[in-house]
Amino acid sequence: MRKPLAEVSNVSFQYETSTKKALDSVSFTVFEGEWLAIVGHNGSGKSTLAKLLIGLNFPDEGIIKVRDMEMGEKHLWEIRRQIGMVFQNPDNQFVGTTVVDDVAFGLENAGIKREEMIGRVKDALVKVRMDGFLNQEPHHLSGGQKQRVALAGVLALGPSIIILDEATSMLDPMGRAEVLETIRQLKADKNLTVISITHDLDEAARADRMIVLNQGRVFAEGTPKEIFALDEELIKLGLDIPFAVKMGKLLREQGLEVANHITEEGLVDELCKFRSNK
């Protein structure tokens, strides 16, 4: 049975400068060990939801709980220790002059003893495959490497949930693939709980479950395969469809019986089998 880790119950929020709710009666549960993707066009409420999940803002209505602690002043700092966030631009997160210094920064602020800190920093960098860059300056790394260092800084703190807030949107395809593969491996090896807040449906396709936001409300919820079956409805919301889904549809229209794949890897594997069987 899946164990709930965070719960969002009938949450609404409205900025003082707006006449419209940014979030309107949003509810969902995050389960331990899952990868949940929250997608939507600009203005759908994704960024607002991220701010509420880490306590930068509090709901006007409804309740957010993390490990049965209700979001509010009483439990704010304990909840923030449970949640780590990797932001869109890794350069905005760097504070250390070297990779090691940067990953150690959060641990120093948390008062972790030096001996333990050294072990945590090394372990986190090994997990993201950046242990060969210990004394490099972060700003000299590639985009994908920078995000992996930012991820290591979060991992070293040992949160229960990691939020990727548009964390791959500024990366080139190679950098994006590096980061997503790292997340996939961490989830498999460490039972990591991940929330991807993104407009990139190719990234969302790798998740276990998806939530689609539209105008501050939950439009749809389900597995990636269930969500992408909505097809034209997603396009009407201003969301694109993953390349593999579009290509598979075109191939079926041309008479080639291929399955409905949501990732390029799955589609390529099936096409290779077609070729080898001829």
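Biologist: How do you know at what angle helix 3 and helix 5 cross, and within what distance do their axes come?
Modeller: The axes of helix 3 (residues 99-109) and helix 5 (residues 143-155) come within 7 Å and cross at roughly 35°, where an axis is a line fitted to C-alpha atoms, for helices over the stretch in contact, and angles between N-to-C directions run from 0 to 180 degrees. Helices (H or I, at least four residues) and strands (E, at least two) are DSSP runs, numbered from the N terminus. This is a predicted model, in which local features need pLDDT of at least 70 and side-chain atom pairs count only at pLDDT 80 or more, while totals for chains, interfaces and linings use all residues. Residues are numbered from 1 along each chain as its sequence is written, and side-chain values use heavy atoms, with hydrogens and water left out.

Biologist: Which residues of helix 3 and helix 5 meet, and what makes a residue there nonpolar, polar or charged?
Modeller: Val-99, Asp-102 and Val-103 of helix 3 meet Val-149, Ala-152 and Gly-153 of helix 5, contact being heavy atoms within 4.5 Å. By class, the contact holds four nonpolar, one polar and one charged residues, since Ala, Val, Leu, Ile, Met, Phe, Trp, Tyr, Cys and Pro count as nonpolar, Asp, Glu, Lys and Arg as charged, and the others, Gly among them, as polar.

Biologist: Why are strand 6 and strand 10 said to stand at the edges of their sheet?
Modeller: Six strands form that open sheet in the order 6-7-8-3-9-10, with mixed pairing, and two strands pair if DSSP finds at least two bridges between them. Strand 6 (83-86) and strand 10 (217-222) each have a single partner strand, so one side of each is left without a neighbour in the sheet. Neighbouring strands of this sheet are turned by 20° against each other on average, with direction ignored.

Biologist: How do you know that strand 6 is paired with strand 7?
Modeller: Four bridges join strand 6 to strand 7 (residues 161-165), and the two run parallel, so the requirement of at least two bridges is met. Among the partners, Ile-83 is matched with Ile-161 in strand 7.

Biologist: Which helices lie across strands of this sheet, and at about what angles do they run?
Modeller: Helix 1 (residues 46-53) lies across strand 3 (35-39), strand 6, strand 7, strand 8 (193-198) and strand 9 (209-214), and runs at about 145° to strand 8. Helix 6 (residues 173-190) lies across strand 3, strand 7 and strand 8, running at about 140° to strand 3.

Biologist: What makes strand 4 and strand 5 a pair?
Modeller: Two bridges join strand 4 (residues 61-66) to strand 5, which run antiparallel, and the partner of Lys-65 in strand 5 is Glu-70. These strands belong to an open sheet of four, in the order 2-1-4-5, with antiparallel pairing. Strand 2 (23-31) and strand 5 (69-70) have a single partner each, so each has one side without a neighbour in that sheet.

Biologist: Is Asp-231 called buried or exposed, and why?
Modeller: Asp-231 has a relative accessible area of 18% and is therefore buried, as buried means under 20%, exposed over 50%, and partly exposed in between (1.4 Å probe, protein chains only). Asp-231 is in the loop between helix 8 (224-228) and helix 9 (232-236), and its phi is near 45°, a positive value in a residue other than glycine.

Biologist: What is the relative accessible area of Arg-129, and what is the residue called for that reason?
Modeller: Arg-129 is partly exposed because its relative accessible area is 34%. Arg-129 sits in the loop between helix 4 (114-127) and helix 5, with a positive phi of about 60° although it is not a glycine.
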